Amino acid sequence: MTQKTVYYIEGDGIGAEVWNATRPILNAAVEKAYGDSNKFDWQELLAGEKAFAETGEHLPQATMDALAGAELAIKGPLNTPVGEGFRSLNVTLRQVFDLYACIRPIKYIKGIESPVKRPDLVDMCIFRENTEDVYAGIEFKSGSAEAKKLIEFLADEMGAKVDITAGIGIKPITPAGSKRLVKKAIEYAIEKNKPSVTLMHKGNIMKTTEGGFRAWGYELAEEEFKGTVVREGEAGDGIIINDRIADAMFQNTLMYPEQYSVIATTNLNGDYISDALAAQVGGLGLSPGVNMGDNLAFYEATHGTAPTIAGKDLANPGSLLLSGTMMLEHIGWTEAAALIHASVEKSIAAKRVTIDLAAQIEGAEQVGCQEFGEILLSNL
Ligand code: NAI
C-alpha cells in the first residue's frame with residue numbers, strides 16, 4: 001500500500017467548513033480510483049485562531065517543526081492577526097519554508113457564467129514568484145527618519161533625486177530567484193506537454209528588476225533547456241518561450257487567451273494577473289493554488305476567511321477541493337484527480353450549488369457548503 005502523509009491546517013473563518021466538505025471527497029476519490037492500495041495519512045497542524053485558542057500562539061513551534069520535515073500540506077485561509085511581530089501568517093509560512101513558486105492553474109468549468117465571450121479558451125497556469133519584489137516588505141513611511149535618511153543617501157551617494165516627502169519601497173529581484181521560478185514553469189510545461197511559457201514583466205520601465213527577470217528567464221531556458229525550449233521567432237521545434245510586457249499581457253489574455261499557456265512572472269504582476277484570469281473564468285470561488293518550494297508543496301484555497309459568511313454553511317468548498325486535486329496530480333494520483341474534475345463539472349451542470357455559484361448560474365438552486373460537498377461526493 002502507498003500511503004502519503006499530508007499535513008493539514010483547517011484555517012480560520014470558513015476554513016473548517018470547507019475542509020470538512022473537502023476531505024471526504026479527496027479520500028473517496030482515492031478509494032474509488034485505487035481501492036486500498038493508495039491512501040492519505042492526514043495529520044492536523046494548528047495555525048491561526050484555533051492554534052491561538054489551544055496554545056496561545058498563532059503559529060506554534062510544533063506546526064513549524066512538522067512542516068520543516070513535510071513534503072505535502074494543505075490549508076484553508078488564515079486571518080492576519082493585527083499587532084503581532086509579522087505581517088501575515090501566510091507570508092510567514094511562505095518565507096520560512098521558502099515556498100518560492102505560487103502556482104495557479106486557471107481553466108474554465110462548463111456551466112459557470114463568465115464576463116467574457118469565450119471563457120472556454122482560457123487554459124493557463126500562472127507561476128508567480130513568491131519571495132521577492134515589493135513583497136520583500138522593505139518600506140519606509142513618508143516623513144519618517146528612515147525615509148529621509150535613505151532619500152539623502154540616494155541624493156548624496158547615488159545622484160538620484162527623490163522628493164524628501166516620499167514614501168519609499170524597495171523592489172529586489174535576483175537572478176537566482178527569477179531563474180528557479182522560471183525553471184519550475186518550464187518543467188511544468190514539459191511535464192504537461194504545454195505549448196509555451198511566457199515571461200510576463202514590466203521591463204520596459206523597470207529595467208534592472210523586471211527587465212532582469214526577463215533576461216534571466218531566457219538565460220535559464222538557454223542554459224538548462226536548450227533543444228527542448230525554443231525562443232519565439234527562432235528556428236526549431238519545442239516549447240516556445242516568449243515574453244510580454246505586463247500591460248499588453250492583460251489585453252492579450254482577454255483578447256487572445258488561446259495564445260497563452262504557462263505564464264511565469266514576478267510577484268506583484270502575478271498577484272494581479274491571477275485574479276484577473278480567475279475572474280475571466282467566473283471568479284475566485286473555484287480557483288485552486290499551491291505554494292511550492294524545493295521540499296514542501298503547500299496547497300491552499302485562494303480565497304480568504306470570508307468572515308461575513310463563516311459558520312453559516314454558505315461557503316463554496318471548490319477552491320480547497322481543487323487545490324487538493326492539484327495535489328493528487330502532483331503525486332501522480334491522476335485517476336483520482338480526474339474523478340474529482342468530472343464530479344465538479346457534473347455537479348455544476350446539475351445546478352444545485354453554493355450561494356456564490358447560484359448567483360452566477362441561471363435557474364440554480366442554492367445549497368449549503370455541507371450539502372454541496374455531499375453532491376460532489378455522490379457524483380464521483
Ligand atoms: P475573502 O476571500 O475572504 O472574501 C471576499 C469575498 O468572497 C467575500 O464576499 C466572501 O464572502 C466571498 N468568498 C470568499 N471565499 C468564498 C467561498 N469559499 N465561498 C463563497 N464565498 C466566498 O477576502 P477578504 O474579505 O479580503 O479577506 C478576509 C480575511 O481573509 C482577511 O483576514 C485576509 O487577511 C484573509 N485572507 C487570507 C488568505 C489566505 O489565507 N490565503 C487569502 C486572502 C485573504
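These legends go with a set of close-up views of one predicted protein model.

The model is predicted, so local features need pLDDT of at least 70 and side-chain atom pairs count only at pLDDT 80 or more, while totals for chains, interfaces and linings use all residues. Residues are numbered from 1 along each chain as its sequence is written, and side-chain values use heavy atoms, with hydrogens and water left out.

**View 1. The whole fold, before zooming in.**
The protein has 13 helices and 15 strands; these are DSSP runs numbered from the N terminus, with helices (H or I) of at least four residues and strands (E) of at least two. Its radius of gyration is 22 Å, close to the 21 Å from the globule rule for 380 residues, so the protein is as compact as a globular protein of that length. For the record, that radius is taken over C-alpha atoms, and the rule is 2.2 Å times the number of residues to the power 0.38. The C-alpha trace spans about 70 × 60 × 45 Å along the principal axes. Buried residues make up 50% of the 380, where buried is under 20% relative accessible area, exposed is over 50%, and partly exposed is in between (1.4 Å probe, protein chains only). Of the contacts with a separation of 6 or more, 72% are between residues 24 or more positions apart; a contact means heavy atoms within 4.5 Å.

**View 2. Surface and charges.**
About 17,400 Å² of the protein is exposed, and carbon and sulfur atoms supply 51% of that. The areas come from the Shrake-Rupley method with a 1.4 Å probe, and for residues only the protein chains shown count as cover. There are 35 positive and 52 negative charges, and their mean positions sit 4 Å apart. Lys and Arg are the positives, Asp and Glu the negatives, with His and the chain ends not counted; each charge is placed at NZ of Lys, CZ of Arg, CG of Asp or CD of Glu.

**View 3. The largest nonpolar core, with Ile-340 as a way in.**
A nonpolar core here is a set of buried Ala, Val, Leu, Ile, Met, Phe, Trp, Tyr and Cys residues joined through side-chain atoms within 4.5 Å. The largest one has 72 residues, and Phe-40, Trp-42, Ile-186, Tyr-299, Leu-328, Ile-340 and Ile-348 touch the most other members. Helix H1 (residues 15-34) gives the largest share, eight residues. Skipping residues up to four places away in sequence, Ile-340 touches Ile-25, Leu-26, Ala-29, Leu-321, Thr-325, Leu-328 and Leu-380.

**View 4. Leu-45 and the other core.**
Apart from the largest core lies another of 16 residues, among them Leu-45, Ala-47, Met-64 and Leu-296. Leu-45 lies in the loop between strand E2 (38-44) and helix H2 (48-55), yet counts as buried at 9% relative accessibility. Beyond four places in sequence, Leu-45 has contacts with Tyr-7, Tyr-8, Ile-9, Thr-63, Ala-66 and Leu-67. The C-alpha atoms of Leu-45 and Ala-66 are 8.0 Å apart, with their positions 21 residues apart along the chain.

**View 5. Arg-128, a buried charge carrier.**
Arg-128 is in strand E5 (residues 123-129) and is buried, at 6% relative accessibility. Leaving out residues up to four places away, Arg-128 touches Tyr-100, Ala-101, Cys-102, Tyr-135, Leu-181, Thr-265, Thr-266, Asn-267, Gly-270 and Asp-271.

**View 6. Two residues with positive phi, Asn-193 and Ala-306.**
Most residues other than glycine have a negative phi. Asn-193 goes the other way, with phi near 60 degrees; this residue is in the loop between helix H6 (175-191) and strand E8 (196-201) and is exposed at 71%. Ala-306 has phi near 45 degrees, sits in the loop between strand E13 (297-301) and helix H10 (318-330), and is partly exposed at 26%.

**View 7. Thr-228 in its loop.**
Thr-228 falls in the loop between helix H7 (210-225) and strand E9 (229-231) and is partly exposed, with 34% relative accessible area. Its contacts outside four places in sequence are Ile-190, Gly-238 and Ile-239.

**View 8. Glu-374 and Thr-22.**
Glu-374 belongs to helix H13 (residues 369-378) and is partly exposed at 43%. The C-alpha atoms of Glu-374 and Thr-22 are separated by 9.6 Å, though the two are 352 residues apart along the chain.
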